[in-house]
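Here are some short exercises to work through with the model open beside you. Try each task yourself before you read its solution.

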Amino acid sequence: MNSDAGARARYEKRKRQRVYIYIDNIEPQSKKMPEAERDKFQEAVAEQLTTLKRTTFTGDVALKIDLATTSKNAPQAHTIAKNLLDLLGVRRSNVKWPRRHLLYKDDRQIQALSVSCSHGETSPAISIGAQPFGSMLDDLELATEARRSIEMSLSLIHISEPTRLALIS
């Protein structure tokens, strides 16, 4: 199906493959995060994956991580992200989850990563969006096609504008 309806159906299917995890009241931290907080983070991830009826990604993954820290002098975003990436992999022994891994088996599966961090917020938060890497590439291709279509339409408007004005004169 190469029609607009087919493209829309494929996009909707890709949307269903996405996972969104939101955790508040856990301060995003680097590897210095206390053990209890690490367990609490993984428990929150496991609980949300269970609610979503999702299991571990087995193929390449694209991740988007948005962080909010309460500290104005928090660790740098990349050190926080590295800690969270480790915690999204292998399940810690104190965490109840039927599988050995949470979001993915190995951080080598991460083929695209976007991290943003806001420091000095009123409350801490961690937002994670994950989807198969191939799905993200398909979304980018769809967006490129849409943009190209819009640009072509705008070009046609600009080309026809002087012609229309000449006919009016």
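**Exercise 1.** Decide whether Q109 is buried, partly exposed or exposed, and list what Q109 touches.

*Solution.* Keep in mind that this is a predicted model. Start with the cut-off: a residue is buried when its relative accessible area is under 20%. Q109 has a relative accessibility of 9%, so Q109 counts as buried. Next, find its place in the chain: Q109 lies in the loop between α3 and β3 (110–118). Finally, look at the surroundings. Leaving out residues up to four places away in sequence, Q109 touches F57, T58, G59, D60, V61 and Y104.

**Exercise 2.** Do the same for T69: find its loop, its burial and its contacts.

*Solution.* First, T69 sits in the loop between β2 (61–68) and α3 (77–87). Second, its relative accessibility is 0%, so T69 counts as buried. Third, set aside the neighbours within four places in sequence; T69 is then in contact with E27, P28, A74, I80, C117, S118, H119, G120 and E121.

**Exercise 3.** Which strands pair with β4, and how enclosed is β4?

*Solution.* Take the partners one at a time.

- Strand β1 (residues 19–24) runs antiparallel to β4, and 6 bridges join the two. As a landmark, D24 stands opposite A125 in β4.
- β2 also pairs with β4 in the antiparallel sense, over 8 bridges. Here K64 stands opposite G129 in β4.

Now turn to burial. Strand β4 covers residues 125–132, and 6 of its 8 residues are buried, so β4 is largely enclosed by the rest of the structure. When you view any regular strand, it helps to recall that side chains alternate between the two faces of the sheet.

**Exercise 4.** Describe the overall build of the protein, from its order of elements to its dimensions.

*Solution.* Begin by counting: the protein has 4 helices and 4 strands. Along the sequence they follow the pattern α-β-α-β-α-β-β-α. Then consider size. The radius of gyration is 22 Å, whereas a compact globule of 169 residues would have one near 15 Å. The C-alpha trace spans about 80 × 40 × 25 Å along its principal axes. Buried residues make up 34% of the 169 residues. Last, look at the contacts: among those between residues at least 6 apart in sequence, 83% join residues at least 24 apart.

**Exercise 5.** How far apart are the mean positions of the positive and negative charges?

*Solution.* Count each kind: the protein has 26 positive and 21 negative charges. Their mean positions are 4 Å apart.

Methods. Residues numbered from 1 in each chain as written. Predicted model: local features only at pLDDT ≥ 70, side-chain atom pairs only at ≥ 80, totals over all residues. Heavy atoms only, no water. Buried < 20%, exposed > 50% of the residue type's maximum accessible area, 1.4 Å probe, protein only. Contact = heavy atoms within 4.5 Å. Rg over C-alpha atoms; globule rule 2.2 N^0.38 Å. Lys, Arg positive; Asp, Glu negative; His and termini not counted. Charge placed at Lys NZ, Arg CZ, Asp CG, Glu CD. Pairing = 2+ DSSP bridges.
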